[in-house]
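Thanks for making the time this morning. I would like to walk you through one structure, and I will ask you to keep the sequence beside the 3D view while I talk.

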Amino acid sequence: MKKIVVWDHYKRSCTSDVRGPVKNIKLESDSRMKKQEEEEEEKEEGEGNEGEHNTSDEFAHPVPWQKIEAEGLDCDYALLFRKEEADCLFKKLEEEVVYSTGEEAKVQVFGKVYNIPRKQATYGDSGLTYTYSGVTRLACPWTSTLEYIRNVVTKTTGQTFNFVLVNRYKDGHDHMGEHRDDERELDPLCPIASVSLGAARDFIFRHRDTRGKQIRREIAPVRLELAHGSLLLMNSPTNTFWYHSLPARKKISLPRINLTFRRILGEKE
């Protein structure tokens, strides 16, 4: 498995409200990644390894972008909010967001119904619905905090969004299985913007040709660690060729909130 690592230090101030320069990221080999993880565990929180970019608190706003690419995978990653603001936004979302219960808190997989291993909520423009895994969800009106975050994402990316799916993971036991965000009502030309707040978690991309009992090709998965206050843009055609997941990490005891902003097409579009 491969992990994203930025090799040179990079900090930039900018007054533009559109996306900044894109930066390529080097993928690290399995052996070096394992060694790096062991070194990180021995260091105090907030320290970076020698030669590696320590992303917390170093980005200006608007942000510089890091490009993540593989065959059929095109993503951009940045830290969108400084720690102090990210902490405040997380606290406000804990107070404002109302999560689904009952049938809306279940998912259908191959005809069987399961409880979702995390909390979910849907917010967006009036009348919008989103259907996946056998359940249709109606968008609740935007809260002030969700609307603020959406506006920051729009100013930073140049993309407009009318819907957000909120996932809350109480700790590392909560998780999300492999899937693609390829529902018909999503605008295929608009990226999905994923904002992470709270505990940093691994995010795994796996190519569709490497899944199932008969693996057709040898393509290495791509692993990212989504930091507190970060933004990941999943651009086309990523969701056509790559599945993504947030696996369980039982050693993590802190909560995480993830916001995936989307553009849902209306009936006439």
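Let me start at D202, which, setting aside the neighbours within four places in sequence, is in contact with R223, L224, E225, S245, L246, P247 and R249. Please keep in mind throughout that this is a predicted model. The residue belongs to strand β14, which runs over residues 201–207. Is D202 buried or exposed? Its relative accessible area is 10%, and because buried means under 20%, D202 counts as buried. If you look for A227, you will find that it is 25 residues from D202 in sequence, while the two C-alpha atoms are 9.1 Å apart in space.

From there, let me turn to the aromatic residues, where the count comes to four aromatic pairs. The ring centres of F203 and F205 are 5.2 Å apart and the planes stand at 85 degrees, so this pair is edge-to-face. F203 and F205 are both buried. Elsewhere, W142, F161 and F261 are joined into a cluster by ring pairs. The ring of W142 also has a charge over it, since the charged end of R150 sits there at 4.6 Å from the ring centre. A similar arrangement can be found at Y243, whose ring has the charged end of R211 over it, 3.7 Å from the centre.

Now to the interior. Which residues have the most contacts inside the largest nonpolar core? That core has 30 residues, and the ones in question are I149, V166, V195, L259 and F261. At least two residues of this core come from each of α2 (83–96), β8 (119–124), α3 (144–157), β11 (163–169), β13 (192–198), β16 and β18 (256–262). Apart from this core lies another, of 27 residues, and F163, F205, I219 and M234 are among them. Taking V195 as an example, and again leaving out neighbours within four places in sequence, its contacts include L80, F81, I149, V153, L231, L259 and F261.

Two helices deserve a closer look, and I will take α2 before α3. The 14 residues of α2 should span 20 Å at 1.5 Å a residue, and the C-alpha atoms at its ends are indeed 20 Å apart. Its buried residues are A86, L89, F90 and L93. Viewed down the helix axis, these fall within an arc of 105 degrees, so they line one face of α2. That buried set packs against α3, β13 and β18, whereas E84, K91 and E95 are exposed on the other side of the helix.

As for α3, it has 14 residues and reaches 20 Å from its first C-alpha to its last, close to the 20 Å expected. Its buried residues are T145, L146, I149, R150, V152, V153, T156 and T157. Why do they share a side of the helix? They cover an arc of only 160 degrees around the axis, which puts them on the same side of α3. The face turned away from that buried side carries S144 and K155, which are exposed. After α3 comes G158, whose phi is positive, near 80 degrees.

One backbone detail remains, and it concerns P237, which lies in the loop between β16 (230–235) and α4 (238–241). The peptide bond leading into it from S236 is cis, with omega near 5 degrees. I will stop there and take questions.

Key: Residues are numbered from 1 along each chain as its sequence is written. This is a predicted model: local features need pLDDT of at least 70, side-chain atom pairs count only at pLDDT 80 or more; totals for chains, interfaces and linings use all residues. Side-chain values use heavy atoms; hydrogens and water are left out. Helices (H or I, at least four residues) and strands (E, at least two) are DSSP runs, numbered from the N terminus. A nonpolar core is a set of buried Ala, Val, Leu, Ile, Met, Phe, Trp, Tyr and Cys residues joined through side-chain atoms within 4.5 Å. Buried means under 20% relative accessible area, exposed over 50%, partly exposed in between (1.4 Å probe, protein chains only). Contact means heavy atoms within 4.5 Å. Rings of Phe, Tyr and Trp (its six-membered ring) pair if their centres lie within 6.5 Å; planes under 30 degrees apart count as stacked, over 60 as edge-to-face and the rest as tilted. A charge sits over a ring if NZ of Lys or CZ of Arg is within 6 Å of the ring centre and within 35 degrees of the ring normal. The expected span of a helix is 1.5 Å times one less than its number of residues. The arc is that of the directions from the helix axis to the C-beta atoms.
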